[in-house]
Amino acid sequence: MSRTSPQPAGKDAEAAAGRRGFSRRSLFTAAGTGGLGLAAGVLAGSSLAGAREAQAASDAVAFHGAHQAGITTPAQDRMHMAAFDVTTTDRDELTAMLREWTAAIEAMAAGREIGAGGATAGDYEAPPEDTGEASDLSASHLTVTVGFGRTLFEQEGRDRFGLAARRPAALIELPHFPGDALEESRSGGDIIVQACADDPQVAVHAVRNLARIAFGRARVRWSQIGFGRTSSTSSAQTTPRNLFGFKDGTANLKSEDAEALAGHVWVSGAQGGEAWMNGGSYLVARRIRMHIETWDRTSLREQEAVIGRTKREGSPLSGGKEFTAPDFALQGSDGPLVPADSHVALAHPSRNGGVQMLRRGFNYTDGSDSLGRLDAGLFFIAFVSDPRTHYVPMQATMARRDALAEYLRHTGSGLFAVPPGVPEGGYLGQGLFEA
Ligand SMILES: C=CC1=C(C)c2cc3[nH]c(cc4nc(cc5[nH]c(cc1n2)c(C)c5CCC(=O)O)C(CCC(=O)O)=C4C)c(C)c3C=C
Ligand SMILES: [Fe+2]
């Protein structure tokens with residue numbers, strides 16, 4: 001459909017630029033220097049445009065690859081995670097949506113507006129293809145990671161999309177753990193979307209636009225915004241702190257450790273299972289409310305004993321510096337220097353059959369409750385090669401024995417199969433639907 005309303009000068013030129021896929025930031029900057037007509041001219045040829053394009057590209061994370069971005073990508077500062085329930089019963093509509101999502105994610109990750117018309121250069125009588133609130137922002141290291149929940153494959157005995165036989169055995173229903181206070185409205189979902197960026201508006205824009213594209217085929221079941229990373233996933237990053245004030249992520253798996261990632265994060269043919277998951281991973285999400293006010297009335301001695309590390313440096317209580325390995329055998333006058341029921345003692349690989357996980361969680365705050373207590377905590381995210389061996393046993397032990405458990409309440413939960421990365425011309429989950 002062609003435009004029927006009067007257009008501002010230069011609009012056609014802008015539309016042409018849009019169809020080439022303009023970078024959000026370069027268009028904004030150029031427009032700011034003297035109107036859209038000039039913007040088109042600048043885009044067409046000046047070195048300024050080239051510089052801006054380069055700048056936008058410099059904080060873009062590659063979308064295509066063997067694995068999806070947003071797993072080993074250095075953890076960004078902000079997150080918006082959304083779980084979707086699929087509302088269509090038509091498999092072709094579902095795959096069409098995944099194709100449209102793939103194109104949209106590819107554009108947003110590169111710092112471009114979605115679609116040929118973007119936010120302003122499309123059909124004047126139709127809703128824009130991009131909502132526009134990120135139009136003057138750079139890519140901000142946006143990554144969007146997509147996974148599939150158990151209910152996509154089978155729900156209440158129904159094989160909804162002819163996928164039941166393709167559900168990986170590792171995509172289990174997580175068991176109930178002691179102390180769980182899970183809320184249905186914060187748990188589960190057919191599809192998960194994890195959008196991470198260094199600018200909150202870019203992450204929120206990504207989820208909002210995917211929800212808009214999904215209209216009539218899927219709807220948001222729950223979503224969570226996280227505002228501060230609680231882990232480092234690269235040895236180049238400093239260790240951040242969680243809302244209890246402790247360094248979190250010290251002993252995390254790092255993206256530089258390819259061997260550990262191969263063993264503990266990526267699904268491989270060697271494990272057997274569904275071939276469409278090779279190169280993928282499993283995302284465990286737990287919304288863990290932290291009893292902030294109780295913690296804040298707890299002595300520093302007790303806080304450190306609960307974690308098993310010092311608050312200032314994050315060093316193990318057995319001595320050394322932040323990255324010194326804890327010595328669980330070293331005794332003090334009252335028993336082990338790192339208490340046996342401390343979080344670190346119970347989570348350490350030596351106590352869990354050698355398993356490790358890639359933690360990628362975020363702090364969250366959702367205001368205060370009716371008693372004036374902060375509704376805040378850790379939105380725990382971990383990527384593992386098999387949740388049956390790499391998450392369930394550890395969580396079961398912690399729920400029963402971890403001194404930290406007294407200060408926590410798990411209120412949301414989800415487990416999702418994250419397929420491998422998308423090759424050029426492919427779409428998210430293609431191997432599941434087309435093999
Ligand atoms: C089941 C897995 C885990 C949950 C759930 C979990 C929740 C949780 N953790 C902290 C704070 C810290 N965790 C730390 C280390 C740590 N935690 C887990 C696993 C879970 N944590 C692991 C595997 C590890 C690493 C253990 C090791 O190898 O030494 C630390 C210490 C610093 C660090 O290494 O990251 C802190 C602090 C909170 C507050 C929390 C729930 C809200
Ligand atoms: Fe932990």
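In this predicted model, a backbone N or O atom of G249 lies 2.5 Å from an oxygen atom of ligand 1. T250 also meets ligand 1 through its backbone. Here a backbone N or O atom lies 3.1 Å from a ligand oxygen. R359 contributes through its side chain. One of its polar side-chain atoms lies 2.9 Å from an oxygen atom of ligand 1. On its own, ligand 1 has 790 Å² of accessible area, and the protein covers 97% of that area.

The shell around ligand 1 holds 25 residues. Those that come nearest are G249, T250, A251, H343 and R359. By residue class, the shell divides into 15 nonpolar, six polar and four charged residues. Four secondary-structure elements each supply at least two residues of this shell. Two are strands, β6 (281-290) and β11 (374-384). Two are helices, α11 (343-347) and α13 (392-401). The space that ligand 1 takes is the largest pocket.

Two domain annotations come from UniProt, each from an unreviewed entry. The feature "domain: Dyp-type peroxidase N-terminal" is placed by UniProt at residues 68-227. Over residues 68-227, the chain is 24% helix and 20% strand. The end C-alpha atoms of this stretch are 22 Å apart. For "domain: Dyp-type peroxidase C-terminal", the UniProt listing gives residues 239-422. Over residues 239-422, helix accounts for 21% of the chain and strand for 24%. The end C-alpha atoms of residues 239-422 are 30 Å apart.

Methods: Residues numbered from 1 in each chain as written. Chains lettered and ligands numbered in written order. Predicted model: local features only at pLDDT ≥ 70, side-chain atom pairs only at ≥ 80, totals over all residues. Heavy atoms only, no water. Near = heavy atom within 4 Å. Polar contact = N/O pair within 3.5 Å; in protein donor to acceptor, adjacent residues only side chain to side chain. Areas by Shrake-Rupley, 256 points an atom, 1.4 Å probe, with all protein chains shown as cover. 1 Å grid on protein atoms, 1.4 Å probe; cavity = no way out; pocket = protein on both sides within 12 Å on 5 of 7 lines; lining within 4 Å. Sits in = over half its atoms within 2 Å of the grid points. Nonpolar A, V, L, I, M, F, W, Y, C, P; charged D, E, K, R; others polar. UniProt positions renumbered as here; feature names shortened; annotations may be inferred.
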